[in-house]
Amino acid sequence: MNDLSGLDLDPQNPPKGFNAVKVTEVKHYTDRLFSFKTERPASFRFRSGEFVMIGLRVDGKPLVRAYSIASPNWEDHLEFYSIKVPDGPLTSRLQNIKVGDHILMRSKPVGTLVFDALLPAKRLFLLSTGTGIAPFASIIRDPEVYEKFDEVFLLHTCREVAELQYGIDLVQSVHDHEFLGEMALNKLHHLPSATREPFANTGRITDWIKDGRFAEFAGGDLTPDTDRVMICGSMAMLQMLKSCCEDRGFVEGSNSEPGQFVIEKAFAE
């Protein structure tokens, strides 16, 4: 299902309520994962961790899904990280985009994985599976995160080792960055873990919490007194980690009422 009809849109005349943004870079990580960058409209503003509706025009109509913005809010481009679903209405087409093509993007970003939804604390835990790392790719490249928290822990689990590469490259880019590298030094900690292949780290985040490896890695178990948690991944993972937080006394936060942990329900196919 490699129909590219959705790419056939007039960038000067996008559907009402949408921007048409030009694709500037595409990188395929595995047969299931790819990332891409687009131009950023001059008027487009977002908070680190927010998502926006993006997609293509299919059969003359916009076909869009929620995608977290992976780029930091200071960049002049936008970055997205996506799965490929062979029969997915959108991703079966989106995976074929090339540099110079245009995609559709709503003009208003939203989301709960933002600093405004959390109360102040010492440690921030970013818990993700698969492409759920995307909003955290924005957050760990935001200088504000290192001003707000003493330590930032990014945990990312995938089925296969190759699927961890995006996060590994991402964290390395932070440490190598001229300004961010100094801010993240001794503050940003990364734990990539594979669940179906041999790797230095194996098992789901819930496994790590239950068997004590999490506390060993972080220098102490999760506690609402000092810690804040952001969670993004599959619905099953969200429910398990939400329960895990609530069992420890964490209270869920929102933009209107900040708390001690937040989850993102809106997700691509």
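## Chatting through a predicted model

Trainee: Which residues touch the most other members in the largest nonpolar core?
Mentor: Good place to begin! That core has 33 residues, and L126, I140, Y146 and M230 touch the most other members. Keep in mind that this is a predicted model.

Trainee: Which helices and strands each supply at least two residues of this core?
Mentor: Quite a mix. On the strand side there are β5, β7 (123-129), β8 (151-158) and β10 (227-232). The helices are α2 (134-139), α3 (143-148), α4 and α5 (180-184).

Trainee: And what does Y146 touch?
Mentor: Leaving out residues up to four places away in sequence, Y146 touches I140, V152, V174, L180, M183, A184, K187 and L188. I140 is also one of the four residues that touch the most other core members.

Trainee: How many residues are in the other core that lies apart from it?
Mentor: That other core has 21 residues, and L127, C244, F250 and F261 are among them.

Trainee: Let's talk about β8. Is it mostly covered or mostly open?
Mentor: Mostly covered: seven of the eight residues in β8 are buried.

Trainee: Which way do β7 and β8 pair, parallel or antiparallel?
Mentor: Parallel, over seven bridges. To see one spot in that region, look at L127, which stands opposite L155 in β8.

Trainee: And how many bridges join β8 to β9?
Mentor: Seven bridges link β8 with β9 (residues 188-194), and these two strands run parallel. As an example, C158 has A194 in β9 as its bridge partner.

Trainee: C158 is a cysteine, so a new topic! How many disulfides does a search of the whole structure find?
Mentor: The search finds zero. A disulfide is a covalent bond between the sulfur atoms of two cysteines.

Trainee: Why is C232 without a bond?
Mentor: Because the closest cysteine sulfur, in C158, is 12 Å from the sulfur of C232, which is too far for a bond. C232 also counts as buried, at 0% relative accessibility.

Trainee: What about C245, how far away is the nearest cysteine sulfur?
Mentor: The nearest one belongs to C244 and is 5.9 Å away, and C245 is in no disulfide. Like C232, which is buried, C245 counts as buried, with 1% relative accessibility.

Trainee: Switching to rings now. How many aromatic pairs does a search of the whole structure find?
Mentor: Nine. One of them is Y81 with Y166, a stacked pair with 3.8 Å centre to centre and 10° between the planes.

Trainee: Where in the chain are Y81 and Y166?
Mentor: They come from distant parts of the chain, 85 residues apart. Y81 is in strand β5 (residues 77-83), while Y166 is in helix α4 (residues 165-176).

Trainee: Are those two buried or exposed?
Mentor: Both Y81 and Y166 are buried.

Trainee: Which residues form an aromatic cluster?
Mentor: F125, F153, F214 and F217 form one. There is a charge to look at too: the charged end of R213 sits over the ring of W208, 4.1 Å from the ring centre.

Trainee: Last one: where is H175, and what is it in contact with?
Mentor: H175 is in helix α4. Setting aside neighbours within four places in sequence, H175 is in contact with G181, A184 and L188. H175 is partly exposed, with a relative accessible area of 34%.

Trainee: How far is H175 from R141?
Mentor: Their C-alpha atoms are separated by 9.9 Å, and the two residues are 34 residues apart along the chain.

How values were computed. Residues are numbered from 1 along each chain as its sequence is written. This is a predicted model: local features need pLDDT of at least 70, side-chain atom pairs count only at pLDDT 80 or more; totals for chains, interfaces and linings use all residues. Side-chain values use heavy atoms; hydrogens and water are left out. Rings of Phe, Tyr and Trp (its six-membered ring) pair if their centres lie within 6.5 Å; planes under 30 degrees apart count as stacked, over 60 as edge-to-face and the rest as tilted. Helices (H or I, at least four residues) and strands (E, at least two) are DSSP runs, numbered from the N terminus. Buried means under 20% relative accessible area, exposed over 50%, partly exposed in between (1.4 Å probe, protein chains only). A charge sits over a ring if NZ of Lys or CZ of Arg is within 6 Å of the ring centre and within 35 degrees of the ring normal. A nonpolar core is a set of buried Ala, Val, Leu, Ile, Met, Phe, Trp, Tyr and Cys residues joined through side-chain atoms within 4.5 Å. Contact means heavy atoms within 4.5 Å. A disulfide is a pair of cysteine sulfur atoms within 2.5 Å. Two strands pair if DSSP finds at least two bridges between them.
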